[in-house]
Amino acid sequence: MTLPRIQVVALDLDGTLLDTLTDLAGAANAMRQQLGLPPLPLERVKTYVGDGMASLVKRTLTDQRDGEPTPGLFEQGLEGFKRCYDQLLHDATRAYPDVEAGLQQMQAAGLRLACITNKPKRFTEPLLASTGLAPFFELILSGDSLAEKKPHPMPLLHACEFFKVQPAHMAMIGDSINDILAAKQAGCLSIAVPYGYRHAGPVEALGADHVVAGLVEAADLLLNMGSH
Ligand SMILES: O=C(O)COP(=O)(O)O
Ligand SMILES: [Mg+2]
């Protein structure tokens, strides 16, 4: 029997499954307000998302991509951000169009699904539950589930072990360079979506194996890839 080329699909959360930007920016700006800082525009915060919570807090505290707040300010910011995001988590966050339909098509075709995000567990799990997406995923790996997060290949390799597949039989779908780098370093197929929170450049510059408009197109692509 020939195996289908892709058996497992790993999906990124922020900017791929869910549009979380308004609530992330709301929490970052509430944190800034508590510290006497003026709000940042949404478009700016968008360029700061993707490397996990600690990095988002450092960037939104300093309004610099490589900014390093003092340890005291960082600690205050982190506590403030967590408290505010706990409150705002579900307010404006929605699944992107095509997400549910695409996941349904993948699942109906026998593909097994994982969610691999850099977002901390305390936010990932309630969001997947409230948006109704949790039941699609056999495995959910957050930014703090393992010792390393994307762009490190560790979470993807962990998923391959969990599903007992070779990396070549897993695809990673994401919106940012971290998803594509993690996929390449793990030896998985990489698929990029053009919406979401890339910090710079066109989607083609990510260097993914494929670019799709959304998850329905991703499902079509994977289901048409056929067998070895
Ligand atoms: O929390 C983040 O930095 C973004 O997480 P993501 O990996 O789901 O895009
Ligand atoms: Mg993302």
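These legends describe close-up views of a predicted model.

**View 1. Two domains and the contact between them.** The domain assignment splits the protein into domain 1 (8-19 + 93-224) and domain 2 (21-88). Their centres, taken over C-alpha atoms, are 24 Å apart. The contact draws 13 residues from domain 1 and 10 residues from domain 2. On the side of domain 1 that touches domain 2, 3 residues are nonpolar, 7 are polar and 3 are charged.

**View 2. The shell around ligand 1.** Where does ligand 1 lie with respect to domain 1 and domain 2? Both domains give residues to its shell, so ligand 1 lies between them. There are 15 residues around ligand 1. Leu13, Asp14, Thr117, Asn118 and Lys119 come nearest. By class, the shell holds 4 nonpolar, 6 polar and 5 charged residues.

**View 3. The open sheet.** Here 6 strands line up in the order E5-E4-E1-E6-E7-E8. The sheet is open, and its pairing is parallel. Strand E5 (139-141) and strand E8 (210-211) are the edge strands, each paired on one side only. Strand E4 (residues 112-116) is joined to E5 by 3 bridges. One marker for this pair is Ile116, whose bridge partner in E5 is Leu141.

**View 4. Strand E1 and its two partners.** E1 spans residues 8-11. On one flank, 4 bridges join E1 to E4, and the two run parallel. Leu11 has Cys115 as its bridge partner in E4. E1 also pairs with strand E6 (residues 170-174), again in the parallel sense and over 4 bridges. For this pair, look at Val8, whose bridge partner in E6 is Met170. In a regular strand, side chains alternate between the two faces of the sheet. In E1, Val8 and Ala10 are on one side, and Val9 and Leu11 are on the other. These four residues are buried, and both faces of the strand are covered.

**View 5. Asp12, in the loop after E1.** Asp12 is found in the loop between E1 and strand E2 (18-19). An unreviewed UniProt entry annotates Asp12 as "active site". Is Asp12 buried or exposed? Asp12 counts as buried because 28 other C-beta atoms lie within 10 Å, and the cut-off is 20 or more. Leaving aside neighbours within four places in sequence, its contacts are Ile116, Thr117, Ile173, Gly174, Asp175 and Asp179.

**View 6. Asp14 and the annotated cluster.** For "binding site", the unreviewed UniProt entry lists Asp12, Asp14 and Asp175. These positions are spread over 164 residues of sequence, yet they cluster in space. The largest C-alpha distance among them is 8.2 Å. Asp14 lies in the loop between E1 and E2. Asp14 is buried, with 25 other C-beta atoms within 10 Å. Setting aside neighbours within four places in sequence, Asp14 is in contact with Thr20, Val49, Thr117, Lys119 and Tyr197. Asp14 is also among the residues that come nearest to ligand 1.

**View 7. Helix H8 and what covers it.** H8 runs over residues 177-186. Which residues of H8 are buried? They are Ile177, Asp179, Ile180, Ala182, Ala183 and Ala186. Their cover includes helix H7 (154-163), E6 and strand E7 (189-192). Gly187 follows H8, with a positive phi near 90°.

**View 8. Unusual backbone spots in three loops.** Most residues other than glycine have a negative phi, and most peptide bonds are trans. Lys150 and Pro151 are joined by a cis peptide bond, with omega about 15°. Pro151 sits in the loop between E5 and H7. Asp63 has a positive phi, near 55°. The loop that holds Asp63 runs between helix H3 (53-62) and helix H4 (71-88). Asp63 is partly exposed, with 14 other C-beta atoms within 10 Å. Asp98 has a positive phi too, near 85°. Asp98 is in the loop between strand E3 (94-95) and helix H5 (99-108). With 18 other C-beta atoms within 10 Å, Asp98 is partly exposed.

Note on methods: Residues numbered from 1 in each chain as written. Chains lettered and ligands numbered in written order. Predicted model: local features only at pLDDT ≥ 70, side-chain atom pairs only at ≥ 80, totals over all residues. Pairing = 2+ DSSP bridges. Near = placed C-beta within 6 Å. Nonpolar A, V, L, I, M, F, W, Y, C, P; charged D, E, K, R; others polar. Domains from an automatic or database assignment. Buried ≥ 20, exposed ≤ 12 C-beta atoms within 10 Å, placed from the backbone. UniProt positions renumbered as here; feature names shortened; annotations may be inferred. Contact = placed C-beta atoms within 7 Å.
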